[in-house]
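Thank you all for making time this morning. Before I begin, please bring the sequence and the structure up in front of you, so that you can follow each residue as I name it.

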Amino acid sequence: MSLHIPYSSIAYHQNIQLDIKRLDLIHPYISGNKYFKLKYNLAYAQQHDYQGILSFGGAYSNHILALAYACQQSNLKSIAIIRGNELAHHPLNPILQQAQAWGMQFIFVSREEYRLRYHDDYLNSLQQKFANFYILPEGGHNDLAIKGCQEILTADDLTQYDYICCAVGTSGTITGLAQRATQQHLLGFSALKGYDFNIQQTNIKIIDDYCCGGYAKITPSLHTFLEDFQHQYNIELDPIYTGKMMYGIFDLIQQSYFPKQSRILAIHTGGLIAGQYLLKDKSHATL
Ligand SMILES: *Cc1c(COP(=O)(O)O)cnc(C)c1O
């Protein structure tokens, strides 16, 4: 499938060009960057005759939702290890309901068990139990995901922009972007407080000043910003990732962080479905 990805221009400031690359419009379910992160992982699972893919996530994970849909489309089974064993005794939230409708099975685990998700012994025991499943880390973060994310930027993007901005969770997306964009400034807006991404490239800067206190935390001023932005530009942002990125970009423009005539490309990485449900259902925001 060859992708045509639209751009939206934000007429915000006469000295700055700010465009948004609309990965959110690629697909309603394999949203945004998750399309690129899953692309080579799905191909790998199929080529190696796995029966399905097993991965990890919180109850409002865009990755889990995208994985469920993509596996169904690719005739693969899917299993998700979901953080929070108390969730087993509640009705499924709309994200998990949708994933289940696409055939995903869930294993709800305690937070202690979830913390083992990168430990070799734990992964080995899962691999023994689910021998025909390809195990994909949380957020789909691995080398094949980074390879897929290199394809987000076209050759034209590289000549037309000085700054490339994206939201950061596991950092897979920005790492992929950085493998193409070696001459541009890359700004990553972290969805989490504090970060330890071990990124070496000097043109990458990761900022957590706009995470609003932590993952999936929403402050009143972020909320107002999202509403105003949607009203003014008719572009929806999610409160966990892209909303915080844009909140940060606007603030940095205000502070004259970007030199005059800067050409900024912000990547809209999608995430709208999980984001909407999270806003409606803050009581279950255990991410
Ligand atoms: C998953 C996600 C991210 C984070 O991407 P990473 O590769 O984990 O850094 C950013 N934005 C949205 C909308 C996402 O769903």
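I will go through the two sheets, then the cores, and finally the surroundings of the ligand.

A word on the source: this is a predicted model, in which local features need pLDDT of at least 70 and side-chain atom pairs count only at pLDDT 80 or more, while totals for chains, interfaces and linings use all residues. Residues are numbered from 1 along each chain as its sequence is written, and side-chain values use heavy atoms, with hydrogens and water left out.

Let me start with the sheet of 6 strands, which is open, has mixed pairing and follows the order β1-β2-β10-β7-β8-β9. Strands here are DSSP runs of E with at least two residues, helices are runs of H or I with at least four residues, and both are numbered from the N terminus; two strands pair if DSSP finds at least two bridges between them. The edges are taken by β1 (7-13) and β9 (204-207), and each has a single partner strand, so one side of each is left without a neighbour in the sheet. On average, neighbouring strands of this sheet are turned by 25° against each other, direction ignored, where the axes are lines fitted to C-alpha atoms, for helices over the stretch in contact, and angles run from 0 to 180 degrees between N-to-C directions.

At one of those edges, β1 and strand β2 (residues 16-22) run antiparallel and are joined by 5 bridges, and the hairpin between β1 and β2 passes through 2 residues. Within this pair, Tyr-7 stands opposite Lys-21 in β2.

Is Ser-8, in strand β1, buried or exposed? Ser-8 has 15% relative accessibility and therefore counts as buried, since buried means under 20% relative accessible area, exposed means over 50%, and partly exposed lies in between, using a 1.4 Å probe and protein chains only. The side chains of Ser-8 and Arg-22 are joined by a polar contact of 3.0 Å; such a contact is a pair of N or O atoms within 3.5 Å, and within protein one must be able to donate a hydrogen and the other to accept it, while residues adjacent in sequence count only if both atoms are side-chain atoms.

The other sheet is also open, with 4 strands in the order β5-β4-β3-β6 and parallel pairing. Its edge strands are β5 (104-109) and β6 (133-135), each of which pairs on one side only. Strand β3 (residues 52-57) runs parallel to strand β4 (residues 77-83), with 6 bridges between them; Gly-52 has Lys-77 as its bridge partner in β4, and Gly-57 has Ile-82. All this leaves a question about β3: how many of its 6 residues are buried? The count is 6 of the 6, so β3 is largely enclosed by the rest of the structure. Gly-52, Leu-54 and Phe-56 are buried on one side of β3, and Ile-53, Ser-55 and Gly-57 are buried on the other.

Now to the cores, where a nonpolar core is a set of buried Ala, Val, Leu, Ile, Met, Phe, Trp, Tyr and Cys residues joined through side-chain atoms within 4.5 Å. The largest one has 84 residues, and Phe-229, Met-246 and Ile-249 have the most contacts inside it. Its largest share, 8 residues, comes from helix α2 (residues 62-73). Another core, of 11 residues, lies apart from it and includes Leu-54, Phe-56, Ile-79 and Leu-126.

Last comes the ligand, which has 15 residues around it, and of these Lys-34, Lys-37, Thr-170, Thr-173 and Thr-269 come nearest; a residue is near a molecule or strand if one of its heavy atoms lies within 4 Å of it. Lys-34 has a polar side-chain atom 2.7 Å from an oxygen atom of the ligand, and Thr-173 has one 2.6 Å from an oxygen atom of the ligand. For Thr-269, an N or O atom in the side chain is 2.7 Å from a nitrogen atom of the ligand.

Thank you for listening.
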